[in-house]
Amino acid sequence: MTRPSALRVLIAIGSVALGLIHLRLYFTTYRDVPIQNLGRSFLLNAAVAAVAAVVVLVVATRWAPLAPLVVANATLIAFGLSRTDRGIMGFTERGWTPTPDAALAVGIEIVTAVLCVAALATADFTGREAPRTGTDGTP
């Protein structure tokens, strides 16, 4: 097994952090919301974020960063929908509540997504990450 790059490690850290925030949000805020499955969606997000972190570290293919990218983007979309008049699952919120977790989660989601795009952009088509070269082009 090859050692994951620093970029993939950072992506995994972002994914785990995102999962931990959603786990904390479940236990502190959303567990008792009376909308069916809303609280459980926070648990699901935490579990999927953990799986995405493992995938990006263990699966040595070009496409592995797609897993945390999908999780981060889906979470951003859900956050945005929850701030509309229709909400998500009938649940609406305003602004950055709960504070500071909402802002922290959005920040981590954006950074993780950008890192995933960078990882995808630097991978070559053979499934491995592009080799690092010196300034003279030698490995």
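**Exercise 1. Which exposed residues does the face of α3 turned away from its buried side carry?**

Before you start: this is a predicted model, where local features need pLDDT of at least 70, side-chain atom pairs count only at pLDDT 80 or more, and totals for chains, interfaces and linings use all residues. Residues are numbered from 1 along each chain as its sequence is written, and side-chain values use heavy atoms, leaving out hydrogens and water.

*Solution.*
- Step 1: Find helix α3, residues 66–82; helices are DSSP runs (H or I, at least four residues), numbered from the N terminus.
- Step 2: Pick out its buried residues (under 20% relative accessible area; exposed is over 50%, partly exposed in between, with a 1.4 Å probe and protein chains only). They are Pro-68, Leu-69, Val-71, Ala-72, Thr-75 and Ser-82.
- Step 3: These residues cover an arc of only 165° around the axis, which puts them on the same side of α3. The arc is that of the directions from the helix axis to the C-beta atoms.
- Step 4: Now turn to the face away from the buried side, and you meet the exposed Val-70 and Ile-77.

**Exercise 2. Find the residues of the loop between α3 and α4 that follow a cis peptide bond, and one with a positive phi.**

*Solution.*
- Step 1: Thr-97 and Pro-98 are joined by a cis peptide bond, with omega about -10°; Pro-98 is in this loop.
- Step 2: Another cis bond links Thr-99 to Pro-100, at an omega of about -5°, and Pro-100 belongs to the loop too.
- Step 3: Met-89, also in the loop, has a positive phi of about 60° although it is not a glycine.

Key
Helices (H or I, at least four residues) and strands (E, at least two) are DSSP runs, numbered from the N terminus.
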